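Let's walk through how some helices in this structure pack together. Have a look at the model first, and then we can go through the contacts one by one.

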Amino acid sequence: MELIRASTEHAEAVGRIFFEAFDQLARRHGFEPEIFSREFALGAATSMVSRPDMYGVVAVENGEVIGHNFVQLTDAVAGIGPICVDPSRQSRGLGRRLMRHIIDYALTNHGPMVRLYQESFNMVSLSLYTELGFTVTDPVVVLSVPIGEDANVRKLTQADVDAADALCVATQKVSRKSELRSMIEKGPGFGCIPHGRFAGGRLTGFVVPGFFGFAAGQTVEDVINTARVAVTSLPPPLRRMILPTRNGELYRCALAQGCRSLKLGQMMAMGPFEAPSGHWCPSVAY
């Protein structure tokens with residue numbers, strides 16, 4: 001078995017494993033999987049293996065792809081995932097090898113800040129990530145988000161990036177400017193269209209919806225109201241957001257507006273970390 005760099009020729013195999021691994025894991029624990037169809041998994045895999053700001057590897061045994069792992073390198077933080085092993089090849093140490101390779105690549109080629117999202121019901125991955133050097137930073141909840149309306153919310157443009165990133169830095173303590181630019185440019189292809197909430201012509205909150213989405217705002221309404229408009233373009237299984245449960249005010253606002261708690265997770269970090277503050281939501285990367 002060898003690890004080789006993921007490329008477009010591996011997209012179909014990556015998509016298959018991506019779907020089957022997450023589908024079986026979620027259903028085994030009684031949850032509906034976010035990777036809701038093979039077609040969606042293939043689309044996501046095709047994007048991941050072709051994006052210049054992502055590095056990925058596939059594990060190949062006797063010519064067959066049996067696992068993969070990726071890291072997003074768009075901005076200063078390296079966000080790991082998705083890591084998947086073919087369900088028929090698990091419990092052989094392949095996940096550890098895939099994760100170790102990606103961590104080493106990120107630290108060597110990108111920088112000291114490496115982060116990820118972990119499903120709280122997956123005890124195997126929690127133990128593995130902790131052994132490899134990650135520490136839990138924030139407990140989070142995955143919410144379903146109902147569609148809503150807000151006259152103060154509109155789609156973001158490239159002209160809004162600096163203001164949106166200022167909100168991101170103020171809350172998450174890291175810049176995601178390049179990621180925001182990319183999502184405004186490429187997000188519509190997946191329905192992940194960033195939206196912002198404005199007051200007096202000034203941006204007060206933004207939400208990138210979807211699987212790789214994140215958010216920041218000055219008030220809880222800036223985050224939740226914007227999210228309800230932003231998810232309109234997504235199919236129901238992707239109308240989701242990840243919310244830090246330590247922010248009781250934000251969580252209560254989400255529940256009051258019809259969001260439903262689906263499952264718990266946690267954010268984990270390796271390297272320098274400044275605790276977020278204010279109203280924000282992470283992505284599945286960080």
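Helices α5 and α6 pack at an angle of about 135°, with their axes 9 Å apart; axes are lines fitted to C-alpha atoms over the stretch in contact, and angles run from 0 to 180 degrees between N-to-C directions. That makes α5 oblique to α6, since oblique covers angles that are not under 35 degrees, over 145, or 65 to 115. This is a predicted model, in which local features need pLDDT of at least 70, side-chain atom pairs count only at pLDDT 80 or more, and totals for chains, interfaces and linings use all residues. Residues are numbered from 1 along each chain as its sequence is written, and side-chain values use heavy atoms, with hydrogens and water left out.

Which residues of α5 and α6 meet? Val161, Asp162, Ala164 and Asp165 in α5 meet Lys177, Leu180, Arg181 and Ile184 in α6, where contact means heavy atoms within 4.5 Å. By class, this contact of α5 with α6 has 4 nonpolar, no polar and 4 charged residues.

Staying with helix α6 (residues 177–186), its buried residues (under 20% relative accessible area, 1.4 Å probe, protein chains only) are Glu179, Leu180, Ser182, Met183 and Ile184. They pack against β3 (64–72), α5 (161–172), β10 (202–208) and β11 (214–217).

Now for another helix pair. Helix α7 (residues 220–230) packs with helix α8 (residues 248–256) at an angle of about 35°, their axes being 9 Å apart. On the α7 side, the contact is made by Val220, Glu221, Val223 and Ile224, and on the α8 side by Glu249, Leu250, Cys253 and Ala254. The contact of α7 with α8 divides into 6 nonpolar, no polar and 2 charged residues.

Notes:
Helices (H or I, at least four residues) and strands (E, at least two) are DSSP runs, numbered from the N terminus. Ala, Val, Leu, Ile, Met, Phe, Trp, Tyr, Cys and Pro count as nonpolar, Asp, Glu, Lys and Arg as charged, and the others, Gly among them, as polar. Buried means under 20% relative accessible area, exposed over 50%, partly exposed in between (1.4 Å probe, protein chains only).
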